[in-house]
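Here are some exercises to work through with the structure open beside you. Try each task on your own before you read its solution.

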Amino acid sequence: MEKPVHLNVVEFQVTGDYALFSDPLMRVGGEKCSYQIPTYEALKGVMASVYWKPTIVWYIDSVRVMNPIQTEVKGIRPIKYHGGNDLSYYTYLKHCAYQVRAHFEWNSNRPELAADRNENKHHNIARRMIRKGGRRDVFLGTRECQAYVEPCVYGEGASAYDGTPELGFGLMYHGITYADEAYSQETQSRMTANFWYPVMRKGEIVFPRPEDCPLHKPLREMEMKPFGEDRGNFSGLREFGEVE
């Protein structure tokens with residue numbers, strides 16, 4: 001495996017009995033079918049459950065698919081919006097295990113939190129939270145697919161696809177760029193969906209940054225969520241005596 005480019009890299013393995021990485025178009029209701037591989041957004045959500053602060057933005061660099069891709073269909077009775085329920089069939093991935101490499105960068109949309117930009121602090125907290133299994137419950141795609149996080153050395157251990165030179169998955173949802181993490185004038189004050197064409201090489205998928213995805217779809221207008229001292233200690237500065 002290539003050496004990471006960034007110094008604040010974290011590496012961990014996330015495992016779960018089931019996963020459901022659904023296409024956003026299928027989330028409004030009815031029957032759902034998982035993608036064959038985890039989405040960038042789902043892994044970013046795992047990282048946010050491990051450690052999140054508005055000061056930083058997590059970027060998922062790559063993932064290794066450790067176990068064979070298997071599916072299982074289950075009969076589910078989801079609650080309908082207006083009461084009652086119907087029988088639906090959900091197609092889950094099962095026996096899931098992924099090695100993940102990620103890093104963080106400062107959120108340039110949050111200049112008011114510049115005093116909290118202590119790379120050593122955030123990096124050490126993130127690694128400690130990985131050892132602890134995360135700050136919040138971890139899921140693989142949906143609430144019913146609980147997962148577990150533990151440290152690992154990225155690249156160690158055999159992947160079920162080490163012998164597969166290349167495997168493409170076609171057009172796939174990458175993630176959503178929210179107003180809080182806008183990277184251009186086009187993504188400011190709106191929610192934007194990103195799409196790409198993932199290719200797995202010898203069990204590893206390297207993710208592009210959101211701005212480097214080939215397809216972008218503006219969804220709706222969206223304002224940034226306000227943070228600040230009048231809204232609580234979201235920056236965490238009080239913990240270190242940096243704010244009176």
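**Exercise 1.** Find which helix holds Arg128, and decide whether Arg128 is buried, partly exposed or exposed.

*Solution.* Step 1: in this predicted model, Arg128 sits in helix α2, which covers residues 119–132. Step 2: buried means under 20% relative accessible area and exposed means over 50%, with partly exposed in between. Step 3: the relative accessibility of Arg128 is 37%, so Arg128 counts as partly exposed. Step 4: now look around this residue. Arg128 belongs to a surface patch of positive charge, together with Arg127, Arg131, Lys132 and Arg135.

**Exercise 2.** Work out how many residues of helix α1 are buried.

*Solution.* Step 1: helix α1 spans residues 40–50, which makes 11 residues. Step 2: nine of them are buried, so the helix is mostly covered. Step 3: check a few by eye; the buried residues include Tyr40, Leu43, Lys44, Val46 and Met47.

**Exercise 3.** Lys44 is a charged residue in this helix; find its salt-bridge partner.

*Solution.* Step 1: side chains of opposite charge can pair when their charged atoms come close. Step 2: the cut-off for a salt bridge is a nitrogen-to-oxygen distance within 4 Å. Step 3: Lys44 meets this with Glu181, as their closest N and O atoms are 2.4 Å apart. Step 4: the two residues are 137 positions apart in the chain, with Lys44 in helix α1 and Glu181 in the loop between β8 and β9. Step 5: compare their surroundings. Lys44 counts as buried because its relative accessibility is 13%, while Glu181, at 22%, counts as partly exposed.

**Exercise 4.** Asp162 and Arg64 also form a salt bridge; say where each of them lies.

*Solution.* Step 1: the N to O distance is 3.4 Å. Step 2: Asp162 is in the loop between β6 and β7 and Arg64 is in strand β2, so the bridge ties together parts 98 residues apart in sequence. Step 3: Asp162 has a relative accessible area of 34% and is therefore partly exposed, whereas Arg64, at 2%, is buried.

**Exercise 5.** Decide whether Arg110 and Asp180 are buried or exposed.

*Solution.* Step 1: their side chains meet in a salt bridge of 2.5 Å, N to O. Step 2: Arg110 has a relative accessible area of 3%, so Arg110 is buried. Step 3: Asp180, at 16%, also counts as buried.

Technical notes: Residues are numbered from 1 along each chain as its sequence is written. This is a predicted model: local features need pLDDT of at least 70, side-chain atom pairs count only at pLDDT 80 or more; totals for chains, interfaces and linings use all residues. Side-chain values use heavy atoms; hydrogens and water are left out. Patches are made of residues with over 30% relative accessible area and no salt bridge: like charges are joined within 9 Å, nonpolar side chains (Val, Leu, Ile, Met, Phe, Trp, Tyr) within 5 Å. Accessible areas come from the Shrake-Rupley method with a 1.4 Å probe; for residues, only the protein chains shown count as cover. Lys and Arg count as positive and Asp and Glu as negative; His and the chain ends are not counted. The place of a charge is taken as NZ of Lys, CZ of Arg, CG of Asp or CD of Glu. Helices (H or I, at least four residues) and strands (E, at least two) are DSSP runs, numbered from the N terminus. Buried means under 20% relative accessible area, exposed over 50%, partly exposed in between (1.4 Å probe, protein chains only).
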